[in-house]
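Trainee: I'm still learning how to read a fold, so could you walk me through one small part of this chain? Please start there and then show me how the rest fits around it.

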Amino acid sequence: MPAAIVAVYVLVVVLHLMMKPVTCIPTVVTMTNDMDGEVLNVHCHSAEDDLGWHAVNFQSSYVISFEDNFTGTTLFTCDFNANGPFPTTSIIVFRGYAYGPNMPCYATCTWTVKTSGFFDNGVFNTPWAPRV
């Protein structure tokens, strides 16, 4: 019986190593406030971590760094808001490698927040949520 348990354990380890490189470079997500004089409030969280709210001044950045979890399903969402017509808007800023080949376990993600919306690596992604 113990030999069967060891065999299953070895199989799990081998499958894990096949799916994910042994040494993963941490993912770095940078969120830059480009909202002409506005203070941007950012709250990032995943299933494992809640990083709290942070105030980001105009032309400043908030940076988070982490490694994808064992199963490759890390999902980081950030809530953004600012004064005036900018209600809280939630954006998925990182999806783990299990969600597709375009998100490896290492990445550098750059988000720019403007009054017109959210830009992912310079490409428009989504507008601010409508005020309710």
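How many residues sit between S8 and S9 in the hairpin they form, and which residue in the turn has a positive phi?

Mentor: Happy to, but keep in mind that this is a predicted model. Your hairpin has two residues between S8 and S9. The residue in the turn with a positive phi is Asn121, at about 50°. On either side of that turn, S8 covers residues 117-120 and S9 covers residues 123-126. The two strands run antiparallel, and three bridges hold them together. To find a pairing by eye, look for Asp120, which stands opposite Val123 in S9. In general, strands of a sheet pair through backbone hydrogen bonds, and they can do so in a parallel or an antiparallel way.

Now zoom out a little. The hairpin belongs to an open sheet of five strands, in the order S4-S1-S7-S8-S9. S9 is an edge strand there, pairing on one side only, and so is S4 (61-66). Going from one strand to the next, the twist averages 25°. The pairing in this sheet is mixed, and you've already met an antiparallel pair in S8 and S9. For a parallel pair, go to S1 (residues 27-33) and S7 (residues 108-114), which are joined by six bridges. Within that pair, Met31 stands opposite Trp111 in S7. Hang on to Met31, as we'll come back to it.

Before you reach S8 from S7, there's a loop, and Thr115 is found in it. Is Thr115 buried, partly exposed or exposed? Its relative accessible area is 47%, and because exposed means over 50%, Thr115 counts as partly exposed. Leaving out residues up to four places away in sequence, Thr115 touches Met35, Phe86 and Trp128. Check Pro85 while you're here: it is 30 residues from Thr115 along the chain, yet their C-alpha atoms are separated by 9.1 Å.

On to the other sheet. This one is open too, with four strands in the order S3-S2-S5-S6 and antiparallel pairing. Its edge strands are S3 (50-56) and S6 (89-95), each pairing on one side only. The twist here averages 20° from one strand to the next. Inside the sheet, five bridges join S2 to S5. One residue to pick out is Cys44, whose bridge partner in S5 is Cys78.

Those two cysteines share another link as well: they form a disulfide, with their sulfur atoms 2.0 Å apart. As a reminder, a disulfide is a covalent bond between the sulfur atoms of two cysteines. A search of the whole structure finds one disulfide. The link of Cys44 and Cys78 is right-handed, with 105° about the S-S bond. Cys44 lies in S2 (residues 40-45) and Cys78 in S5 (residues 75-81), so the disulfide ties together parts that are 34 residues apart in sequence. What about their exposure? Cys44 has a relative accessible area of 0%, so it is buried, and Cys78 is buried at 0% too. Another cysteine, Cys109, has 4% relative accessibility, so it counts as buried.

That brings us to the inside of the protein. In soluble globular proteins, nonpolar side chains tend to be buried together. Here, the largest nonpolar core has 24 residues, and Val29, Met31, Val42 and Phe80 touch the most other members. So there's Met31 again, this time as a core residue. S1, S2, S4, S5, S6 and S7 each give two or more residues to this core. Take Val42 as a viewpoint: leaving aside neighbours within four places in sequence, its contacts include Met31, Trp53, Tyr62, Cys78 and Phe80.

Finally, step right back. The chain has one helix and nine strands, and from the N terminus the helix comes ahead of the run of strands. Buried residues make up 37% of the 132 residues. Among contacts with a separation of 6 or more, 56% are between residues 24 or more positions apart. On the outside, the chain exposes about 7800 Å², with carbon and sulfur atoms supplying 62% of that. Now go back to Asn121 in its turn and trace the path outward again from there.

Terms used: Residues are numbered from 1 along each chain as its sequence is written. This is a predicted model: local features need pLDDT of at least 70, side-chain atom pairs count only at pLDDT 80 or more; totals for chains, interfaces and linings use all residues. Side-chain values use heavy atoms; hydrogens and water are left out. Two strands pair if DSSP finds at least two bridges between them. A disulfide is a pair of cysteine sulfur atoms within 2.5 Å. Buried means under 20% relative accessible area, exposed over 50%, partly exposed in between (1.4 Å probe, protein chains only). Axes are lines fitted to C-alpha atoms, for helices over the stretch in contact, and angles run from 0 to 180 degrees between N-to-C directions. Contact means heavy atoms within 4.5 Å. Accessible areas come from the Shrake-Rupley method with a 1.4 Å probe; for residues, only the protein chains shown count as cover. A nonpolar core is a set of buried Ala, Val, Leu, Ile, Met, Phe, Trp, Tyr and Cys residues joined through side-chain atoms within 4.5 Å.
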